[in-house]
Amino acid sequence: MNLADALALLERSAAEAAAAVVGAASLDDLASVERDWLGKRSPATAVNEAIKTFGPDERPRAGQAVGAYRAAVTDAVAVRRSELEAAAAADRGPGLDLTLGGHGAVRGHLHLVTQIRRELEDIFVGLGYRIAEGPEVEDDWHNFEALNIPPAHPARSMQDTLYIELGRPEQVMLRTHTSPVQIRTMETQEPPIYVVAPGRTYRNETLDARHSPAFHQMECLAVDRGLTMADLFGTIEAFAKRLFDDESVRTRFRSDFFPYTEPSAELAVSCVFCHQRGCRVCSHTGWIELGGCGMVDPNVFVQVGIDPEEWQGFAFGFGLERIAMIRYGIDEIRTFFDNDQRFLEQY
Amino acid sequence: MRAPLSWIRDFTPADAPIDEIVAALNQLGLEVDAVEEPGREVRGVRVARILEVLPHPDADKLQLADVDFGDGQTRVVCGAPNIAAGMVVPFAPSGATLPGGFTLERRKIRGQVSDGMLCSAKELGLGDDHSGILALAPDAVLGDDVRPLLGLDDVVFDLAITPNRPDAMGIVGVARELAAHFRQPFTVPDPVVVTDPGVAITVPVLIEAPDRCPRYLARVAEVTVGPSPEWMRARLLKAGVRSISNVVDVTNYVLLERNQPLHAFDLDRLAGPGIVVRTATAGERMTTLDGVERELEPTDLLICDADRAPQALAGIMGGGDSEVGPTTTRILLESAYFERMGIARTSKRVKLRSESSARFERGTDPDGVAVAADRALELLVAVAAARVAPGSVDEYPAPVVRPTITVRTAKVNAVLGTTLSGAEVREALAPLGIDLAGDGEVFEAVPPSFRPDLDREIDLVEEVARRIGFAAIGRTVPKPEHQVGALSRRQRDRRLVADALVGAGYSEAVTIPLVSPEAVARFSDAPPVVVANPLRSEESVLRSTLLPGLAAVAAHNGARGLADLAVFELGRVFLRPDPDALLPREPECVAGLRTGTVRRTPVEPDRPVDAHDAVDALRSVLDALGTDAVRIEAAPVVGLDPVASARVLADGHPVGVVGVVDPRVVDALGLASPAVAFELDLDALAAAPTRDRQFRSVSPFPPSNVDLAFVVPDTTAAADLVAALSGAVGPLAESVRCFDEFRGESLGPDRRSLAFALRLRAPDRTLTDSEVAEVRERAITAAGALGAVLRG
Ligand SMILES: [Zn+2]
């Protein structure tokens, strides 16, 4: 085969291959056509074999011709393959409707109170705190007496206590706040102490839109040398910024009274929803009241055997439901305890 | 308490804008609940004199009044019976506005034109008195706006006073705080009492319980009982107190102004002019002013007459028959100081809280007793034509001594995180009436007698904080240096358990642990922990299992058409205390409840939930905790179906229950059927062994799979066969799984077929056919020992 023969062969073969590709009726046919015109016995292979016998000046020309032939046939095969594949898929009938979904619910939801609780725990763990816990049924000592609330103290009437039929009358009760955990922590742990105590607390109220016999609080206690009220305020502000994920949050404190802290203050944060322009959440005051705080009263330290001259401490607390209500615009506390599936699955 | 600004201004200018006064009160801890302007909407009401009263020609109960309002005269129709010629009254002409935004118009009433109306106190927003037209002072200037005359320009602060601040329950106390804050003068004029030797009378006072009544002061006066003047009625009304009579009003007025409760007895109705202060005897009874007969206890303190007959429950409420009435002509005025806790105890026991008891139990001013009595007498002279007997009986055997408190400027700064100088500390404390001596580093401070809350250094540190304001304190964040923040093992486990159940499709419920005895008895036969003072039976015991709460959740959702439910709760349950303990045991549990249908359509058929769903959920919890050596064992469980219930054991110790909820309970609660449940005790699980976490290399060799089917008696549990097969095969058993359960007539009664898939694998080689055959025989023999017969 000389160069002229080779070029003529490739030209003729290209035309025949094109016809064969178009004529292939199935993917199997196409595979055999492809083998015939591009495989080991194809004209292209024959020409490639012959090129070795050509003169050096003829070889490039022949090589280019083989390349062009292969490209043309390969492209034609690819086009025909797509056509045949599409036709084959159409023959399998309608496709799977994945919009039908899965087999059913794949995942449940944590209760909103738990989600808030975990979020707060994580913030305080990040600040270096541990989580403290205590019983929900408490004795008078831990719930009142050690917290500087002696019997008949007017502060007791601030709390509508649910008492338990154990011990002497009014000796055992459902804790009215998480503060007894402070006492239990200080009774069992030497300072320095940095803990938060989340948990359920109780009041003698019937469940309705605004009241609940049980709800959740979180209380923070820090006892260390040289802790000041500025440390208290700064910790609350750092916490509030994380809670609302907003570095512009500011805190406001107003004098208040709690028997177990002195000085005591009510704590409020600047409204993150209106940036203090006034909105429904903040009752158009620009401030959201979150809870109470103060420096641990020296009497409390004395009750648990901590020297108030050596150690100073602060404590603050707030309601978990209240935070959720503020954040998500929930109006009724009953919502948390109805546990309606639609509510649980919203969060 | 309600503090009218006009009253505060009797003692200090308080002329700052209202919002600044509100901000100051809030900062000082006298929290402002509301700011009210009672006469805000009253516009254009003027002083007028009634010239003549004529009968209405067409209506018996109406009259016509011609009035002179200074620059004109007109006629109005009036329905009040108390009008008369010469009376000076508030006149609202057409165009004037009254509370509620109501604007008057000239109109005809029963045929007669009325050019406005004459007003009662209530119509001007001054309390509830609607009995007649308000009589103004006869010398009021005709035509003047009544707003300043009646104090309608006033602002009333509704204050929430914390229990530590009795002094701030009086107007004088509020004024003192504002004066200090605004650095303005503060003056409480000394009362001037004119006495009349003609009414001299001796009133012996005997205090038998001086610890309970450290001071008792009695004064005597002749009075003319009648209505109070308008200014006093208006002031009391704005402070929230209804006018009764001039004498009673004066005692209330001084209580509000000076925070000193007073009591006026009708001297002529006491058995002899004398007072005995004593404690009650057991079983003694008295009827208090509210008409309730009360059984007394020896801890109750009584004010009695000379015959020792009770005339008042001391500091709380009057009683007996010595109350001041319209016929009273001589009074004994009591001004006393009672010990706080005693008042608090009695008040709480008899469930009677009055304006007086609220003040005494917080602590009144023992040294303010005499001046408060003088103030009352001064007012009685002015409003009740009193003739005051000279001299007083003042029993004060052991005057209350105020403490001397050492205040260190360094401690103030150490607590507050401030850098105040001694001079600044002095400047903060002195205006509060605190006497200070010292060099600036250390002060000796004597707090005033009206501040019983101040007796320690920290109390004065707080006063400094209130005075400088919390805004003056910085913001720093301490970092614990002795520990790393972290969750405990239990706290992490709790999250793992909840997350596992969420992953298994269960949503978390949080229910209230207070339930009814019936609800808890459905799922537990242990006696529950009982609430001593429940508001209702539905919240009268504590749960001893989480299942009643979850059942209530299912009932709630079922009633709303949400029958397909999978919920869990993680929390404490309450069990009666151990023998020597006071407090209940509070194990932490997790429970799940699933009801209705497992929805698989349209891809597969739906199916009802079944007990195996509950087992799956339970296993996801145990797997999350890594609990080892778990066994499920058929057993009756309270609240579960006796033929479909089991208890769960870990290492032989009970840790929980699982099964189908008893159909009777399902019916009783109206739950969607079927319902399945489990409950696990996390405290018990914490003590259970956990999976070995030492690494085991995974074998790269191919497994040998052996399937075995046995006919077994119904009494043999599948888990027992799995255990027997695993034990027989030994370490070569990579897994043993039951994959088929079949019952049929061919098997005979009380028998079933169970098929097991054994996956065998050695760590170091491919098992030979003969090894597999030998293992298979061992397995069959072990199953045979449990009564299982290999199926052909
Ligand atoms: Zn807002």
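Here a student asks how the terms used for this predicted model are justified.

Reader: What are the ground rules for this model and its numbering?

Author: This is a predicted model, where local features need pLDDT of at least 70, side-chain atom pairs count only at pLDDT 80 or more, and totals for chains, interfaces and linings use all residues. Residues are numbered from 1 along each chain as its sequence is written, chains are lettered from A and ligands numbered from 1 in written order, and side-chain values use heavy atoms, with hydrogens and water left out.

Reader: What makes an atom a donor of the zinc ion?

Author: Donors are N, O and S atoms within 2.8 Å of the metal (3.2 Å for Na, K and Ca); water is not among the atoms, so sites may look incomplete. The SG atoms of C271(A), C274(A), C279(A) and C282(A) lie 2.2 to 2.3 Å from the zinc ion, so they count as its protein donors. Their spacing in sequence is C-x2-C-x4-C-x2-C.

Reader: Why is the arrangement around the zinc ion called tetrahedral?

Author: Four donors count as tetrahedral if all angles lie between 85 and 135 degrees; four count as square planar and six as octahedral if opposite donors are over 155 degrees apart and all others between 65 and 115; anything else is irregular. The angles around the zinc ion are 104 to 113 degrees, so the arrangement is tetrahedral.

Reader: How do you know whether N148(A) and R308(B) are buried or exposed?

Author: Buried means under 20% relative accessible area, exposed over 50%, and partly exposed in between (1.4 Å probe, protein chains only). N148(A) has 18%, so N148(A) is buried. R308(B) has 37%, so R308(B) is partly exposed. C271(A) and C274(A) are buried too.

Reader: What is unusual about the phi of N148(A) and R308(B)?

Author: Most residues other than glycine have a negative phi, and most peptide bonds are trans. N148(A) has a positive phi of about 70 degrees and is not a glycine. N148(A) sits in the loop between α6 and β3 of chain A. R308(B), also not a glycine, has a positive phi near 65 degrees. Its loop runs between β19 and β20 of chain B.

Reader: Where are the cis peptide bonds of P263(A) and P674(B)?

Author: One joins E262(A) and P263(A), with omega about -5 degrees. P263(A) lies in strand β7 of chain A. Another joins S673(B) and P674(B), again with omega about -5 degrees. P674(B) lies in the loop between α17 and β38 of chain B.

Reader: How do you know that β4 and β5 of chain A pair?

Author: Strands (E, at least two residues) and helices (H or I, at least four) are DSSP runs, numbered from the N terminus. Two strands pair if DSSP finds at least two bridges between them. Ten bridges join β4 and β5 of chain A, so the strands pair, and they run antiparallel. V196(A) has C220(A) as its bridge partner in β5(A).

Reader: Why are β1 and β6 of chain A said to stand at the edges?

Author: Their open sheet has seven strands in the order β1-β4-β5-β9-β8-β7-β6, with mixed pairing. β1 and β6 of chain A each have a single partner strand, so one side of each is left without a neighbour in the sheet.

Reader: What is the sheet of chain B like, with β28 and β35 at its edges?

Author: This open sheet has seven strands in the order β28-β31-β32-β38-β37-β36-β35, with mixed pairing. β28 and β35 of chain B are the edge strands, each pairing on one side only. β28(B) and β31(B) are parallel and share two bridges. S507(B) stands opposite V567(B) in β31(B). At the other edge, β35(B) and β36(B) run antiparallel, joined by five bridges.

Reader: What makes A566(B) buried, and what is in contact with A566(B)?

Author: A566(B) lies in strand β31 of chain B. Its relative accessible area is 12%, so A566(B) falls within the buried class. Contact means heavy atoms within 4.5 Å. Neighbours within four places in sequence aside, A566(B) is in contact with G505(B), Y506(B), S507(B), L593(B) and R594(B).
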